[in-house]
Amino acid sequence: MGMKTKIALGAVVGLVVIGAVSANAGDDGTGTTDKGTSASADRQPGGAKDAGADSGQGPGKTEETEKAETKLSQAEQFKAFVKENGTAQEKEAVSHVTKVQGADKQNDILDTADVYTDFTGGLMGEGSGPAKLIASAFADWKQSENGLVTVYDADGELLGNGQF
């Protein structure tokens, strides 16, 4: 083997080792599945073990409730969550949401969601402040080990982003 081949092979092996170590770095072996410490974590549809307990639904969701939730679009589900659990400022900001994509399937490895609004002007426009509130409300609604939510304006320009 030539010197360049050995260096390239060493670099590839090094990257694989670093990837394996970083993938296991957050695993403390306790088996807990705590996904965050948000005040509303126990009311989240996807993050709580017994989401119906706080809403008076009993020990679990009925089939009718689950069917009704699946009929709503992701944007409607998000707006309903914020209407029930959000602050006045979050409710105002989320009223501008037109579409949500990527909130339904999560794998805790690299979760991404996109939230589209009716704001205009891009990063320097009127929606950059409310975009932070929208991202924060989204983090209360959905939680992931490694999630990123991005908020866009009506023209598809970036307004802001945040972790969830």
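**Group meeting talk: a cavity and a buried serine**

Okay, let's start with the whole chain: of the 164 residues in the protein, 27% are buried. Keep in mind that what you have in front of you is a predicted model.

So what is it built from? You'll find five helices and four strands. If you walk along from the N terminus, the order goes α-α-α-α-β-β-α-β-β. Go ahead and trace that pattern on the screen.

Next, the contacts. Take the ones with a separation of 6 or more: 54% of those link residues 24 or more positions apart. And the outside? The accessible surface is about 10500 Å², and carbon and sulfur atoms account for 55% of that.

Now for the inside. How many cavities of 30 Å³ or more does the structure hold? Just one. The largest cavity has a volume of about 30 Å³. Let's go round its lining: you've got Phe-81, Val-82, Asn-85, Gly-86, Glu-90, Ala-137 and Asp-140. Sorted by class, that lining has three nonpolar residues, two polar ones and two charged ones.

Which helices each supply at least two residues of that lining? They are helix H3, running 74-85, and helix H5, at 128-141. The top contributor is H3, which gives three residues to the lining.

Let's follow H5 out to the loop between it and strand S3, which spans 147-152, and stop at Ser-144 in that loop. Is Ser-144 buried or exposed? Well, its relative accessible area is 7%, and the cut-off for buried is under 20%, so Ser-144 counts as buried.

Who are its partners, then? Leaving aside residues up to four places away in sequence, Ser-144 touches Gln-106, Asp-108, Asp-111 and Phe-164. Two of those names come up again when we look at side chains. Between the side chains of Ser-144 and Asp-111 there is a polar contact of 2.4 Å. The side chains of Ser-144 and Asp-108 are joined by a polar contact too, this one of 3.4 Å.

If you'd like to find these places yourself, try two stops. For the first, pick out H3 and H5 and look for the cavity lining they contribute to. For the second, go to the loop between H5 and S3, and click on Ser-144. From there you can bring up Asp-108 and Asp-111, and check both polar contacts on your own screen.

That's my tour, thanks for listening!

Definitions and conventions: Residues are numbered from 1 along each chain as its sequence is written. This is a predicted model: local features need pLDDT of at least 70, side-chain atom pairs count only at pLDDT 80 or more; totals for chains, interfaces and linings use all residues. Side-chain values use heavy atoms; hydrogens and water are left out. Buried means under 20% relative accessible area, exposed over 50%, partly exposed in between (1.4 Å probe, protein chains only). Contact means heavy atoms within 4.5 Å. Accessible areas come from the Shrake-Rupley method with a 1.4 Å probe; for residues, only the protein chains shown count as cover. On a 1 Å grid over the protein atoms alone, a cavity is a set of points where a 1.4 Å probe fits but cannot get out, and a pocket is an open set with protein on both sides within 12 Å along at least five of seven lines; lining residues have an atom within 4 Å of a point. Grid points are joined across faces, edges and corners, and a volume is the space filled by probe spheres set on the points. Ala, Val, Leu, Ile, Met, Phe, Trp, Tyr, Cys and Pro count as nonpolar, Asp, Glu, Lys and Arg as charged, and the others, Gly among them, as polar. A polar contact is a pair of N or O atoms within 3.5 Å; within protein, one must be able to donate a hydrogen and the other to accept it, and residues adjacent in sequence count only if both atoms are side-chain atoms.
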